[in-house]
Amino acid sequence: MRVLRRTLGTLLVLGAAVSCTAAHGDDAKPAGDRPAALAPYERLLPAPASARPGGPGYPFGAGTVIRTGRAGGAADEEVRRVGELLAEQLRGPSGLPLPVVDGEAGDGVRLRLDGRADGLGSEGYRLEASASGVTLTARTPAGLFHAGQTLRQLLPVSGPGTVPGGTVTDAPRFAYRGAMLDVARHFFGIDQVKRYVDQLAQYKVNTLHLHLTDDQGWRIAVDGWPRLAEYGGGSEVGGGPGGYWTKDEYRELVAYAGERYVEVVPEIDMPGHVNAAQASYAELNCDGKARERYTGTKVGFSSLCVGKERTYEFIDEVLGELAELTPGRYLHIGGDEAHSTPAADYAAFMDRAQQVVARHGKTVLAWHQLATARPATGAVLQYWGHDKTPAAEKAAVAAAARAGHPVILSPADRLYLDMKYDAATKPGLAWAGYVPVRRAYDWNPGTYLEGVAESAVLGVEAPLWTETISARADLEYMAFPRVLGLAELGWSPAGALDWTAYRQRLAAQAPRLTAQDIAFHRAPDVPWGR
């Protein structure tokens with residue numbers, strides 16, 4: 001997961017460009033070659049399954065309306081919400097009124113649900129642009145939302161313009177396309193996390209994994225165990241004030257993400273990474289003595305008391321409250337770097353923790369070390385190894401995959417967003433090596449782990465650990481543009497994955513990122529232009 005050994009609201013308000021400066025160790029000069037003059041459909045990111053330009057375009061101007069189908073019925077109400085959100089996303093850059101109206105008749109942007117649309121699945125869509133308007137068709141509201149994000153990329157970064165004529169038919173390669181944010185090492189408020197949700201959702205990332213607890217802090221209120229947040233939340237790496245989310249704040253964030261078809265996966269790490277809990281409640285320690293709060297970065301020293309029944313009452317109550325707050329399918333129970341828990345105790349503990357998850361109606365998600373114990377039926381494993389991970393550890397994951405356990409790929413030397421780009425990068429770590437933009441993109445999830453078939457890969461996730469990251473600028477600098485590569489790896493067909501073409505399309509995103517005030521790394525091998 002992290003270290004084997006340690007040493008917005010809305011995006012739509014146009015802001016001043018945040019330059020990438022030497023403070024981040026960035027190469028201030030762009031690549032020597034200029035960005036290719038790509039046609040609009042060639043610039044789309046993630047690359048769609050099919051894009052066919054042709055015919056006259058639609059003038060997107062003062063008279064444009066967004067039409068959301070028939071009035072009445074739950075599905076139509078949800079489509080209208082998608083239309084309202086799309087209008088909000090487009091108004092800021094375009095400066096247009098964009099009223100949302102019911103009914104499909106007439107020109108404009110038409111949102112259409114069609115349960116009979118072939119080949120689109122639960123998230124796919126078809127976008128058709130002609131002189132009379134733009135029609136977005138999908139089997140589900142989620143598909144319509146993704147179609148709207150594609151439409152945003154076909155329009156100018158600012159002002160009215162023309163949607164070029166053509167058709168996009170699109171659906172994702174993998175069902176799970178995630179990003180993880182660690183709010184335990186350094187705390188971030190929900191407004192910043194909402195901003196990250198918006199940034200992710202516009203590129204069709206559909207999962208936000210929240211690392212809510214660790215040795216350094218506990219970030220979610222639990223009614224039955226109030227000191228977890230009140231005391232355990234009062235620290236962070238480096239000795240800062242920490243913080244936590246109330247249950248209402250968490251609900252608000254989950255709802256906000258859900259409106260953008262981003263599923264929240266909360267993580268309570270166990271049986272290790274628990275010092276914040278053990279500092280809050282003495283009874284969670286085998287010796288009955290509360291631990292001191294911890295503000296360092298070492299790992300592997302803490303463990304819940306496996307032999308105490310009170311331990312299982314604790315995880316039942318904590319996971320029960322979290323399950324009630326979370327409409328998504330998964331509860332992540334960590335399971336990594338439990339170096340202070342003997343192997344037999346680890347297996348026994350994970351048996352019982354998985355039973356708790358099932359009792360609360362959720363599916364287990366855990367780091368891949370669960371493969372060395374006894375994964376419950378249906379449990380999902382998240383692989384965070386790297387090129388130097390021992391073969392036996394990789395083999396255990398492959399065996400679990402063959403036994404029916406889906407795998408999420410988060411290789412640390414490819415998708416860990418806290419790894420430095422290069423030696424000059426100021427924030428971040430380098431225990432898994434440097435991860436430049438090309439390395440983060442230029443690999444195939446379907447063939448990455450020997451013995452794990454593509455059919456066993458649920459998807460990909462890019463974690464962002466925050467030992468060295470405490471401010472928005474650093475968060476976004478480390479995430480962007482590498483998280484866009486994650487988006488394409490998860491969505492686009494395997495045949496579309498090509499670094500030479502991708503770097504051109506990535507460069508074409510620079511004006512959009514700049515307009516959204518995102519501080520991003522100008523990788524020297526991407527032709528950003530000036």
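This passage describes the fold, the sheets, the backbone irregularities and the largest pocket of one protein chain.

The model is predicted, so that local features are reported at a pLDDT of at least 70 and side-chain atom pairs only at pLDDT 80 or more, while totals for chains, interfaces and linings use all residues. Residues are numbered from 1 along each chain as its sequence is written, and side-chain values use heavy atoms, with hydrogens and water left out.

The secondary structure of the protein chain amounts to 15 helices and 19 strands, where helices (H or I, at least four residues) and strands (E, at least two) are DSSP runs numbered from the N terminus. Along the principal axes, the C-alpha atoms of the protein chain fill a box of roughly 75 × 55 × 45 Å. The radius of gyration of the protein chain is 23 Å, which agrees with the value near 24 Å for a compact globule of 530 residues; this radius is taken over C-alpha atoms, and the globule rule is 2.2 Å times the number of residues to the power 0.38.

Seven strands form an open sheet with mixed pairing, in the order E1-E9-E6-E7-E5-E3-E4, two strands being counted as paired if DSSP finds at least two bridges between them. The edges of this sheet are strand E1 (50-53) and strand E4 (100-101), each of which pairs on one side only. Strand E3 (residues 66-67) pairs with E4 in the parallel sense over two bridges, and Ile66 has Val100 as its bridge partner in E4. Two bridges, again in the parallel sense, link E3 to strand E5 (residues 108-113), with Arg110 in E5 as the bridge partner of Arg67. E5 in turn pairs in the parallel sense with strand E7 (residues 133-138) over six bridges, and Leu111 stands opposite Leu136 in E7. Helix H2 (residues 141-154) lies across E5, strand E6 (125-130) and E7, and runs at about 40° to E6; axes are lines fitted to C-alpha atoms, for helices over the stretch in contact (heavy atoms within 4.5 Å), and angles run from 0 to 180 degrees between N-to-C directions.

A closed barrel of eight strands, with parallel pairing, runs E10-E11-E14-E15-E16-E17-E18-E19. The twist in this barrel averages 30° from one strand to the next. Helix H7 (residues 309-325) packs on the sheet and touches E14 and strand E15 (330-334), its direction making about 170° with that of E14. Elsewhere in the barrel, strand E18 (residues 407-409) and strand E19 (residues 457-464) run parallel and are joined by three bridges, Leu409 having Val460 as its bridge partner in E19.

Backbone irregularities were identified in several loops. The peptide bond from Met270 to Pro271 is cis, with omega near 0°, and Pro271 is found in the loop between E14 and helix H6 (275-280). The peptide bond from Phe480 to Pro481 is also cis, with omega near 15°; Pro481 is found in the loop between helix H12 (472-479) and helix H13 (482-491). Leu98, although not a glycine, has a positive phi of about 45° and is placed in the loop between helix H1 (74-94) and E4.

The largest pocket has a volume of about 290 Å³. Of the 14 residues that line this pocket, Tyr261, Val262, Glu263, Gly328 and Arg329 are the closest to its centre. On a 1 Å grid over the protein atoms alone, a pocket is an open set of points where a 1.4 Å probe fits, with protein on both sides within 12 Å along at least five of seven lines, and lining residues have an atom within 4 Å of a point; grid points are joined across faces, edges and corners, and the volume is the space filled by probe spheres set on the points. Helix H5 (247-259) and strand E14 (263-270) each supply at least two residues of the lining. The lining divides into seven nonpolar, four polar and three charged residues, where Ala, Val, Leu, Ile, Met, Phe, Trp, Tyr, Cys and Pro count as nonpolar, Asp, Glu, Lys and Arg as charged, and the others, Gly among them, as polar.
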